[in-house]
Amino acid sequence: MKPNYRRCISCRKVAPKEAFWRIVKLYPSDRVQLDTGMGRSAYLCPEASCLKMAQKKNRLGRSLKAAVPPELYSTLGQRLPLIDRSDRPPANPTP
């Protein structure tokens, strides 16, 4: 079978859908959640730059046609790979 390709709503990169985070607006409740469910979906690269741009320009909200809770962005920030977290200052620096 051919892989299913999707496009990141932030950087517009095309890749197999397993390479992205999936954000779903559930039908008919219009609740926004991660990974599972039936309804309108948006895909986002698991990179800090894409997450920042999506939050700054409300790309998830516009793509899903729904309000995205701030908790969702913080949950996605916690899922970032350790490589992307290297640009952040350490939480507890040692002298």
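In this predicted model, helices α1 and α3 pack with their axes 10 Å apart and at an angle of about 170 degrees. An angle over 145 degrees counts as roughly antiparallel, so α1 runs roughly antiparallel to α3. On the α1 side the contact is made by L51, A54 and Q55, and on the α3 side by Y73, L76 and G77. Sorted by class, the contact of α1 with α3 has four nonpolar residues, two polar ones and no charged ones.

Both helices also supply residues to the largest nonpolar core, which has 24 residues. Those with the most contacts inside this core are I23, L44, L60, L72 and L76. At least two core residues come from each of the strands β3 (21–26), β4 (32–34) and β5 (39–44), and likewise from each of the helices α1 (48–56), α2 (59–64) and α3 (70–79). The largest share, four residues, comes from α1.

L44 shows how these parts meet. Leaving aside neighbours within four places in sequence, L44 is in contact with C8, I9, S10, F20, W21, I23, C50, L51, A54 and L76. Among them, L51, A54 and L76 also take part in the contact of α1 with α3.

Next to L44 in sequence is Y43, which belongs to the aromatic pair. A search of the whole structure finds one such pair: F20 and Y43, arranged edge-to-face, 6.4 Å centre to centre and with 65 degrees between the planes. F20 lies in the loop between β2 (14–16) and β3, whereas Y43 is in strand β5, so the pair ties together parts 23 residues apart in sequence. F20 is buried, at 8% relative accessible area, and Y43 is buried too, at 11%.

Definitions and conventions. Residues numbered from 1 in each chain as written. Predicted model: local features only at pLDDT ≥ 70, side-chain atom pairs only at ≥ 80, totals over all residues. Heavy atoms only, no water. Core = buried A, V, L, I, M, F, W, Y, C linked by side-chain atoms within 4.5 Å. Buried < 20%, exposed > 50% of the residue type's maximum accessible area, 1.4 Å probe, protein only. Contact = heavy atoms within 4.5 Å. Phe/Tyr/Trp six-rings, centres within 6.5 Å; stacked < 30°, edge-to-face > 60°. Axes fitted to C-alpha atoms, helices over the stretch in contact; angles between N-to-C directions. Parallel < 35°, antiparallel > 145°, perpendicular 65-115°, else oblique. Nonpolar A, V, L, I, M, F, W, Y, C, P; charged D, E, K, R; others polar.
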